[in-house]
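Hi,

Here is the structure I promised to pass on to you. Have a look at it first, and then read my notes underneath.

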Amino acid sequence: MPDTQPLHELLAQRWSPRDYDPRAIDPAVLRSLFEAARSSFSCFNEQPWRFVVATKAEPEDYALILDTLVPFNQNWAKNAWLVGLSFGKKTFAKNGNPNRYNLHDTGAALADLAVQATAHGLYVHGMGGYDAEKARTTLGIPEDYEVGCAFTIGYLADGIEMPPRQRNPLTDQFLRPGWTTSPLVSD
Ligand SMILES: Cc1cc2nc3c(=O)[nH]c(=O)nc-3n(C[C@H](O)[C@H](O)[C@H](O)COP(=O)(O)O)c2cc1C
């Protein structure tokens with residue numbers, strides 16, 4: 001992907017590793033990641049996100065969350081200090097109407113958390129490979145919430161390098177009305 005303008009280093013350095021060092025994250029640092037998610041934008045400021053999280057310091061909770069992942073993901077996620085699942089509230093608290101933006105906003109909150117994680121030398125890895133039914137029953141999820149994605153947070157194992165980034169061209173992603181490439185990205 002040719003770089004038009006350099007990315008901010010917090011975005012440039014973010015990637016999703018599968019090789020974690022299981023060492024502990026300072027609780028105050030972890031808290032700052034949660035604050036980043038909390039500060040995210042959302043439709044009507046609903047803040048529909050919920051995160052069920054556990055670190056290796058809570059081994060029973062950690063095992064319950066890890067067990068909701070598909071075996072491939074469990075295999076590498078088990079080294080991360082924190083495992084979690086995101087959920088979105090399906091209806092607006094103020095009037096009970098469906099909130100079709102709930103997982104949009106939950107994903108945005110996790111993205112903000114990932115930026116804050118990068119600032120602390122930590123790595124977040126999202127996962128769609130989980131068993132939603134198992135998550136719902138074993139984690140006690142209320143009816144009005146749907147699963148977004150699973151994720152890990154932790155330090156990178158020694159000697160692991162960021163792989164080359166593979167991305168589709170901007171011309172595929174930024175369009176004008178009529179679904180053709182926007183002049184803002186064509187050369
Ligand atoms: C919603 C979502 C689901 C994903 N599911 C998985 C998964 O189940 N297992 C996995 O190893 N990676 C998973 N990933 C990681 C993506 O493959 C990764 O983000 C993508 O290849 C881009 O790489 P990067 O994050 O390192 O830039 C998922 C990412 C997201 C955002």
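**What I found**

W179 has 6 C-beta neighbours inside 10 Å, so it counts as exposed. You'll find W179 in the loop between β6 (175–176) and β7 (180–181). There is something else to look at here: W179 has a positive phi of about 65°, although it isn't a glycine. Before you go on, keep in mind that this is a predicted model.

F44 is another non-glycine residue with a positive phi, in its case about 55°. It sits in the loop between α2 and β2. Is F44 buried, partly exposed or exposed? With 13 C-beta neighbours inside 10 Å, F44 counts as partly exposed, because the partly exposed class lies between the exposed one (12 or fewer) and the buried one (20 or more).

Now the whole chain. It has seven helices and seven strands, and from the N terminus on they run α-β-α-β-α-α-β-α-β-α-β-α-β-β. The C-alpha atoms fill a box of roughly 55 × 50 × 30 Å along the principal axes. A compact globule of 187 residues would have a radius of gyration near 16 Å, and the chain has 18 Å, which agrees. Of those 187 residues, 26% count as buried. If you take the contacts between residues at least 6 apart in sequence, 75% of them join residues at least 24 apart.

Next, the inside. The largest nonpolar core has 32 residues, and A80, L85, L113, A117, V124 and I153 touch the most other members. Which elements give two or more residues to this core? They are α2 (27–38), β2 (49–55), α3 (59–66), β3 (82–89), α5 (102–119), β4 (123–127) and β5 (145–156). Try clicking on A117: leaving out residues up to four places away in sequence, A117 touches L33, L122, Y123, V124 and I153.

A117 is also one of the buried residues of α5, along with N102, L103, D105, T106, A109, L110, L113, A114 and T118. What do the buried residues of α5 pack against? The answer is α1 (9–12), α2, β2, β3, β4 and β5. You can check the length of this helix too: at 1.5 Å a residue, the 18 residues of α5 should span 26 Å, and the end C-alpha atoms are 26 Å apart, so the two agree. After α5 comes G121, which has a positive phi near 70°.

N79 is worth a click as well. It lies in the loop between α4 (71–77) and β3, and it counts as partly exposed because it has 18 C-beta neighbours inside 10 Å. Not counting neighbours within four places in sequence, N79 is in contact with Y20 and P22. N79 and L103 are 24 residues apart in sequence, and their C-alpha atoms are 27 Å apart in space.

Last, the ligand. Around it you'll see W15, S16, R18, N73, G126, M127, G128, G129, C149 and R165. How many of the residues in this shell are nonpolar, polar and charged? The shell divides into three nonpolar, five polar and two charged residues.

Have fun looking around!

Methods: Residues numbered from 1 in each chain as written. Predicted model: local features only at pLDDT ≥ 70, side-chain atom pairs only at ≥ 80, totals over all residues. Near = placed C-beta within 6 Å. Nonpolar A, V, L, I, M, F, W, Y, C, P; charged D, E, K, R; others polar. Core = buried A, V, L, I, M, F, W, Y, C linked by C-beta atoms within 7 Å. Helix = DSSP H or I, 4+ residues; strand = E, 2+ residues; numbered from the N terminus. Contact = placed C-beta atoms within 7 Å. Expected span 1.5 Å × (residues − 1). Rg over C-alpha atoms; globule rule 2.2 N^0.38 Å.
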